[in-house]
Amino acid sequence: MPKYTTTKDMEIQKIGTYVNTAGSNIEVEIFDDFDGSSLSNSLGSISNQTCDFPGYYTFNLSSGINITSGNDFYIRVKYNTLGYDYPVP
């Protein structure tokens, strides 16, 4: 699981990712902690985003997530790509 660490105080307002195929459905979850096997302490999420075409998309969070300098966080993106067997870009 990739860990992101801030170098200054920041606010996460959007999450961006690529999709490989038209009609993909994306779900994003942002967590504060990862113990090596499971994520915990949800900071926010974006659900049921449909991408009509392949390409890069950004998704707005309903409210910003403040992260202090030196803190780490984790982003999990779930790709649902019907009929396409290689969903992770």
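## Lys78 and its partner

Lys78 has a relative accessible area of 42% and is partly exposed, a value that falls between the 20% limit for buried residues and the 50% limit for exposed ones. This description, like everything that follows, refers to a predicted model.

Lys78 forms a salt bridge with Glu29, and the closest N and O atoms of the two residues are 3.9 Å apart, which places the pair inside the 4 Å cut-off for such a contact. Because Lys78 belongs to strand β6 and Glu29 to strand β3, the contact ties together parts of the chain that lie 49 residues apart in sequence.

## The network around Glu29

Glu29 also takes part in a salt bridge with Arg76, where the closest N and O atoms are 2.9 Å apart. Here too the pair links distant parts of the chain, with Arg76 in strand β6 and Glu29 in strand β3, 47 residues apart. Glu29, Arg76 and Lys78 are thereby linked in a network of salt bridges.

As for accessibility, Glu29 is partly exposed at a relative accessible area of 23%, and Arg76, at 29% relative accessibility, also counts as partly exposed.

## A salt bridge to the segment before β1

The structure holds three salt bridges, and one of them joins the side chains of Asp72 and Lys3, with an N to O distance of 3.9 Å. This pair links distant parts of the chain, since Asp72 lies in strand β6, which covers residues 72-80, while Lys3 lies in the segment before β1, 69 residues apart from Asp72. Lys3 counts as partly exposed, at 49% relative accessibility, a value just under the limit of 50% above which a residue would be called exposed.

## The sheet that holds these strands

Strands β3 and β6, which carry Glu29 and Arg76 respectively, belong to an open sheet of four strands, arranged in the order β1-β6-β3-β4 with antiparallel pairing. The edges are taken by β1 (4-5) and β4 (39-51), each of which has a single partner strand, so that one side of each is left without a neighbour in the sheet.

Between β3, which spans residues 24-34, and β4, the antiparallel pairing runs over nine bridges. Within this pairing, Asp33 has Ser40 in β4 as its bridge partner.

Key: Residues numbered from 1 in each chain as written. Predicted model: local features only at pLDDT ≥ 70, side-chain atom pairs only at ≥ 80, totals over all residues. Heavy atoms only, no water. Pairing = 2+ DSSP bridges. Helix = DSSP H or I, 4+ residues; strand = E, 2+ residues; numbered from the N terminus. Buried < 20%, exposed > 50% of the residue type's maximum accessible area, 1.4 Å probe, protein only.
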